[in-house]
Amino acid sequence: MPMLLDVKHLTITAEMSKGTKTIVSDLSFSLAKGERLAVVGESGCGKTMTAMSVMGLLPANCKATGEIVFDGTDLLSRRGARKLHTLRGEKIMLVPQSGGEFLNPSIRISTQIYESLRKRGVRGRNALRAAARGLLREVGLSDAEEILDKYPFQLSGGQAQRVVLAIAASGDAELVIADEPTKGIDEETAQLFLGKIDELFPSTAVIIITHNVRVASDCDKTLVMYKGEIMEYGDTRSVLGNPSHPYTQSLIAALPDRGFGVYARLRDPSPAGCVFSDRCPYADDECFAAKPVFVNRDGTVRRCFRAECR
């Protein structure tokens, strides 16, 4: 199956006051049209920075190296960077963490949707109004007429997130990146929102950045990150249904009671070897001394010397 997105050896570094910090290290994954990929990990593990690198929206002090190939074009090359300005917002869409923060608080919802619709060639106030109203209803907002005349601060978190989804649906996206799309909304609304993503983008490649294993379970592939590195990556049924990496196991074991129980931030010092060795119950001297290589077994990639420990 041809890949729409092929990320190879992506490394993201940031220039900090105390030197250069590696945010993401040697990240590789691929995605075909119609596939869903969940990128799972705790806050601060590099998930959002990975998404921003694909969008070409990294902070000024950050640099990405490696390859991000979208539909045959390396977006990290000079030519690809120029082309990305055209692709972003048309072929590659971002659904950010918080709809309320993404929307301009001083502009009515109608105006913000109209801007996106005009890029598709919709013209005339009546046509724009009708199209915007239809989009809001399509994402599950029955009071679309009222919402069009409101400002973002007058919406609930769930409503704002649906408005952002409507803006994304107004384009002809081939890749949609949803960054923590269920953050700040209740479980029932979250499930409805994820269902809408499937409904609106049935043949579109979708990346869902999440800390929620339950959200990842509905995706085709899952990539588990810790401290900027891949711990495990492959078919979701294998990664989550039969996890072999100790870190993936710990996420799933911790989920029912208190969510992730092995929190670590990128700025915390990492061991010289495996980044998870100081928290892993199976770690030995080799794990602390050497960086494990990727092992591919039955299509699932693990970065661990003790990947079969259970």
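Start with the whole protein in view: its secondary structure comes to 12 helices and 12 strands. With a radius of gyration of 20 Å, close to the 19 Å that the globule rule gives for 310 residues, the protein is as compact as a globular protein of that length. Keep in mind that this is a predicted model.

**The whole chain**

Show the C-alpha trace and turn it along its principal axes, where the span is about 70 × 45 × 45 Å. Next, colour the residues by burial: 52% of the 310 residues are buried. Then switch to the surface. The accessible surface comes to about 14,400 Å², and carbon and sulfur atoms hold 49% of that area.

For a view of the charges, select the positive and negative side chains. There are 40 positive and 38 negative ones, and the centres of the two sets are 5 Å apart. If your viewer can draw contacts, consider those with a separation of 6 or more: 65% of them are between residues 24 or more positions apart.

**The open sheet**

Now select strands 2, 1, 4 and 5. These four strands form an open sheet in the order 2-1-4-5, with antiparallel pairing. Strand 2 and strand 5 (73-74) are the edge strands, since each pairs on one side only.

Within this sheet, zoom in on residues 5-16, which are strand 1, and residues 19-31, which are strand 2. The two run antiparallel and are joined by nine bridges. They form a hairpin, with two residues between the strands. To see one opposed pair, select Val-7 and look across to strand 2, where Phe-29 stands opposite.

Stay with strand 1 and move to its pairing with strand 4. Strand 4 covers residues 62-70, and its antiparallel pairing with strand 1 extends over eight bridges. Select Ala-14 here; which residue of strand 4 is the bridge partner of Ala-14? The partner is Cys-62.

**A buried serine**

Leave the sheet and select Ser-170. This residue is in the loop between helix 7 (157-169) and strand 7 (175-179). Is Ser-170 buried or exposed? Ser-170 counts as buried because its relative accessibility is 0%, and the cut-off for buried is under 20%.

To finish, show what surrounds this serine. Which residues is Ser-170 in contact with, leaving aside its neighbours within four places in sequence? Select Ser-116, Leu-117, Arg-120 and Leu-135: Ser-170 is in contact with each of these.

Conventions:
Residues numbered from 1 in each chain as written. Predicted model: local features only at pLDDT ≥ 70, side-chain atom pairs only at ≥ 80, totals over all residues. Heavy atoms only, no water. Pairing = 2+ DSSP bridges. Buried < 20%, exposed > 50% of the residue type's maximum accessible area, 1.4 Å probe, protein only. Contact = heavy atoms within 4.5 Å. Rg over C-alpha atoms; globule rule 2.2 N^0.38 Å. Areas by Shrake-Rupley, 256 points an atom, 1.4 Å probe, with all protein chains shown as cover. Lys, Arg positive; Asp, Glu negative; His and termini not counted. Charge placed at Lys NZ, Arg CZ, Asp CG, Glu CD.
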